[in-house]
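Please open the model in your viewer and keep the sequence panel beside it. The tour below moves from the whole chain to single residues, and each stop begins with something to select.

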Amino acid sequence: GMDRWVVKRAAGEALAEPGRRGPAKRARQGRLTDCKKVVRLDAVTREAEHVSAALRALTELELARPEGPAGEREAADWAARRAFELRNLGQALSELEELYIALETLEKTKVGRAVNRVTKATACDIPEALVNQARGLVDKWRQTATAGSARRRQHAKDMREGRIPVCKRVEPGASRQSTLTVRRRPLV
């Protein structure tokens, strides 16, 4: 298939370009999913489902908490199940922290709703560390949503005014990107 179009080289081997001065560029074979900002929606959805399932299980466990002269075995079993669900919740939140989640991902997966429920769960006595971890994610995603909405508004404005973004670049020491634009010629 595509192997005939791929040039594979050792990681340290460089491509020599005739007439080029300076260090040669290195060729590297990789996958799109290896890129930092590429996230599979099913991975985010799966982690959101893990958060929801753990929260649901913790709520059910809290309702079934042994009270009074319950047997030691029943109390130990309840504590072990609760610890297991808290561990699952912590792992899911940690996985979500490692993923790059853009505005479009937040909209499609509704992961923010699941994590926000953790911050508001009062019935199941979630440890403060997990609640703070969930709050941190929600705050981070709110900033992402704000920036994404501003980006969309700017794009819509540029399109209404007839500007087409051609290239985005960040100047050294600049606080924001500058956009080179080309005016569209009116059709006659």
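## The whole chain

Select the protein chain in cartoon view, where 5 helices and 2 strands can be picked out; read from the N terminus, these elements follow the order α-α-α-α-α-β-β. The model is predicted, and a colouring by pLDDT is therefore a sensible second step, since where pLDDT is low, the predicted coordinates should not be read in detail. The chain averages a pLDDT of 79, with 66% of the residues scoring at least 70. Confidence is highest in H4, at 94, and lowest in strand E2 (residues 178-183), where the mean is 52.

With a surface switched on, the chain exposes about 14200 Å², of which carbon and sulfur atoms supply 52%. Of its 188 residues, 25% count as buried. Among contacts with a separation of 6 or more, 56% are made by residues 24 or more positions apart.

## Helix H1

Select residues 41-63, which form helix H1. The end C-alpha atoms of H1 are 33 Å apart, in agreement with the 33 Å that its 23 residues should span at 1.5 Å a residue. Now show the side chains of the buried residues in H1, among them Ala43, Val44, Ala48, Val51, Leu55, Leu58 and Leu61; Glu47, Ser52 and Glu62 are also buried in this helix. An α-helix has 3.6 residues a turn, so residues three or four places apart point the same way. What covers the buried residues of H1 includes H2, H3 and H4.

## Helix H2

Move on to residues 72-98, helix H2, whose 27 residues should span 39 Å at 1.5 Å a residue and whose end C-alpha atoms are indeed 39 Å apart. Its buried residues are Trp78, Arg82, Glu85, Leu86, Leu89, Gly90, Ala92, Leu93 and Leu96, and the elements covering them include H1, H4 and H5.

## Between H2 and H4

Select Leu99 next, in the loop between H2 and H3. Is Leu99 buried or exposed? At a relative accessibility of 22%, Leu99 counts as partly exposed, because only values under 20% are called buried. Its C-alpha lies 8.1 Å from that of Lys37, although the two are 62 residues apart in sequence. Leaving aside neighbours within four places in sequence, Leu99 is in contact with Val39, Val44 and Lys140.

Thr109 comes next, in helix H3 (residues 103-109), and with a relative accessible area of 12% this residue is buried. Draw a distance from the side chain of Thr109 to the backbone oxygen of Thr105, and 2.7 Å should appear. Beyond its neighbours within four places in sequence, Thr109 is in contact with Leu41, Val44 and Thr45.

Step one residue further to Lys110, in the loop between H3 and H4, which is partly exposed with a relative accessible area of 43%. Most residues other than glycine have a negative phi, yet Lys110, which is not a glycine, has a positive phi of about 60°.

## The nonpolar core

Which residues have the most contacts inside the largest nonpolar core? Select Leu89, Leu96, Val115 and Ile126, which hold that place in a core of 26 residues. The elements that give two or more residues to this core are H1, H2, helix H4 (111-120) and helix H5 (128-160). Centre the view on Val115, which touches Val51, Leu93, Leu96, Ala134, Leu137, Val138 and Trp141, not counting residues up to four places away in sequence.

## Helix H5 and its ends

On the way to the next helix, select Asp125 in the loop between H4 and H5; Asp125 is another residue other than glycine with a positive phi, near 50°.

Then select H5 itself, whose 33 residues reach 48 Å from the first C-alpha to the last, close to the 48 Å expected at 1.5 Å a residue. Buried residues in H5 include Leu130, Val131, Gln133, Ala134, Leu137, Val138 and Trp141, together with Gly148 and Asp158. Finish at Gly162, which follows H5 and has a positive phi near 85°.

Key:
Residues are numbered from 1 along each chain as its sequence is written. This is a predicted model: local features need pLDDT of at least 70, side-chain atom pairs count only at pLDDT 80 or more; totals for chains, interfaces and linings use all residues. Side-chain values use heavy atoms; hydrogens and water are left out. A nonpolar core is a set of buried Ala, Val, Leu, Ile, Met, Phe, Trp, Tyr and Cys residues joined through side-chain atoms within 4.5 Å. Buried means under 20% relative accessible area, exposed over 50%, partly exposed in between (1.4 Å probe, protein chains only). Helices (H or I, at least four residues) and strands (E, at least two) are DSSP runs, numbered from the N terminus. Contact means heavy atoms within 4.5 Å. The expected span of a helix is 1.5 Å times one less than its number of residues. pLDDT is the predictor's confidence in each residue, from 0 to 100. Accessible areas come from the Shrake-Rupley method with a 1.4 Å probe; for residues, only the protein chains shown count as cover. A polar contact is a pair of N or O atoms within 3.5 Å; within protein, one must be able to donate a hydrogen and the other to accept it, and residues adjacent in sequence count only if both atoms are side-chain atoms.
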